[in-house]
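Hello,

Here is the structure I promised to pass on to you. Please have it open while you read the notes underneath.

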Amino acid sequence: MSKIMIIEDDPVIRDELTLLLQNEGYHVAAVTVFRDIATQVSESAPDLILLDLGLPERDGFSLCAEFRRNLDTPVIFVTSHDSALDELQALSLGGDDYITKPYNVPVLLARIRSVLRRSTVRSGSENPGVNGLTLDPMKGYASANGKTIELTRNELQILACLMEHNGEIVSRANLIETLWDNQIYIDDNTLSVNMTRLRGKLESIGLSDFIKTRRGMGYQL
Amino acid sequence: MTIREFLSDRLRRLLFQAVFIMAAAIFLSATGTGMGVLILLLCAWILVLICIQTYDFLKCRAHLSELQFIMDHLDEKYLFTECIPKAGNLYERYLFILTKRAGRSMIRAVSDARAANREYREYVESFVHEIKAPITAARLISRHVEPETGRKLIKELSQIEAHVERALFYARLESPEKDFLVRQSSPAVIVANAIERYRSLLIQSGFRIETDNLEQTVYTDEKWAEFIFGQILQNAVRYRRKEDPFIRISGGRSGSQIAITVSDNGIGIPAHELPRVFERGFTGSNGRSLGGATGMGLYLCRKLSACMEAELQIFSEEGKGTQVMVIFPVRDAESGAGKSF
């Protein structure tokens, strides 16, 4: 599992964030002494750094510039300063993303996932099929039993999300959150409609009951 | 200053001169001065008089037009007394000293007020940044409480955030530096960020959002534009209809301009209130009956877009829905990109 380093001076936020990320299954290292941060970072070798811009000793910008000299660990800036100039500066200094406080917890997690995904994609990983179904997200095709169906953007995202959590129950609320992450802004009713269509298409390639409904809990592959 | 004004100003003095000349002429002729000599004398006298008055007039007019010129070319008119040349005669000199004192006290009052305003604005900005840390902490902590309570808490926290955000942009708007950064950006990104900011509000209210044709290029400050779309979305949520609330955000070109339209199927705005929605503090009948309206959202939107030379238009039909159109200015790609204000 990925290791995330939190550099944040507000103790409440630091502790809560640590707890949150641990619950999400990440390894977390939090910086509590704000001296020689660069050394601490290179010693713990994290996969991702969450960097607050308003630190007591020095500002996050110069810190990030220092990391960039000998590390290519992705950095997400977290700050309460919300101006275009700050963001431009953060991203031009080699930050991978820029989140402003106060953040939504799901949004924060989604951003962390996407930055981690981007950095692991660089090292190359393939999405394996589930129960005989393979997905081609670039072309928008799903195939099984030698047959191929064409999926809409919504159906593709629903299926991808379920396949990512293969075997687990995904609640409707989570599914909607994931779709909103991918800029598909649907409501509960539209999700039902999409689900019905998706099941119909899967049935046509011989995968009936591929997506199981767990009453009151959500969906499961 | 015209000759007429000059003469009427000096009327009393000139009349006195005329009476005096007349009296002198009568006295001289009575004491036996010859008619020829008298006429010569009077002509010379009057000629000298006219010369003096003409000289006065020209000098006075030149001086006044110089002052007028200075006034016309001053950006801050109250600095006038600091810029005019020293006066010539005694009377003017005293007047000059008095006006200068008045001007100085005015300048001091203005700069004091400016400094107080700036300090207050800076305080508001730092307050906004400070308060974001406890809100963030509260958001994180709210995960530990029971889900239903947590959702309610998050909703209240979002309300606080929305108010804080408006305070921040209000302070930024009042700042003379207007620190925004116009650069090339895409409405798709701006709209996605605005939706992300209010996603829990939108999801909980059961909204469905369609976006269309937003892959355009506009020149704007992303944060400011995001704030504007955020306000429009908040309004759409507040004034939504009960069943199947829906927002459509679409991009389009009108001529060479790019317009992004946010349409909802909400309760709409009564026609007679529509012209006033951008006024500061105007809440309207919907705002009053639903509560929670500040009358600041659209006011700020219009002010911010005016700064960025964008335009806001609103159309609405009661019971059908509202469309708000944000029209971005056309900019020459080379000169506009990365230009900072």
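Below is what I found, going from a sheet in chain A to a helix in chain B. Please keep in mind that this is a predicted model.

**The sheet in chain A**

Five strands of chain A form an open sheet with parallel pairing, in the order β2-β1-β3-β4-β5. At its edges are β2 (27-31) and β5 (97-100) of chain A, each of which pairs on one side only. On average, neighbouring strands of this sheet are turned by 20° against each other, direction ignored.

If you would like one strand pair to look at, try β4 (residues 75-79) and β5 of chain A, which run parallel and are joined by four bridges. There you will see Phe77(A) opposite Tyr98(A) of β5(A).

**Helices on the sheet**

Helix α1 (residues 11-23) of chain A packs on the sheet, where it touches β1 (3-7), β2 and β3 (48-52) of chain A. The direction of α1(A) makes about 165° with that of β2(A). Helix α4 (residues 84-92) of chain A lies across β4 and β5 of chain A, and runs at about 145° to β5(A).

**A helix in chain B**

Which residues of helix α11 (residues 297-307) of chain B are buried? They are Gly297(B), Leu298(B), Tyr299(B), Leu300(B), Cys301(B), Leu304(B) and Ser305(B). Their cover includes α6 (147-174), α9 (222-238) and β6 (311-317) of chain B. Just after α11(B) comes Glu309(B), with a positive phi of about 60°.

Happy browsing, and best wishes

Terms used: Residues numbered from 1 in each chain as written. Chains lettered and ligands numbered in written order. Predicted model: local features only at pLDDT ≥ 70, side-chain atom pairs only at ≥ 80, totals over all residues. Heavy atoms only, no water. Pairing = 2+ DSSP bridges. Helix = DSSP H or I, 4+ residues; strand = E, 2+ residues; numbered from the N terminus. Axes fitted to C-alpha atoms, helices over the stretch in contact; angles between N-to-C directions. Contact = heavy atoms within 4.5 Å. Buried < 20%, exposed > 50% of the residue type's maximum accessible area, 1.4 Å probe, protein only.
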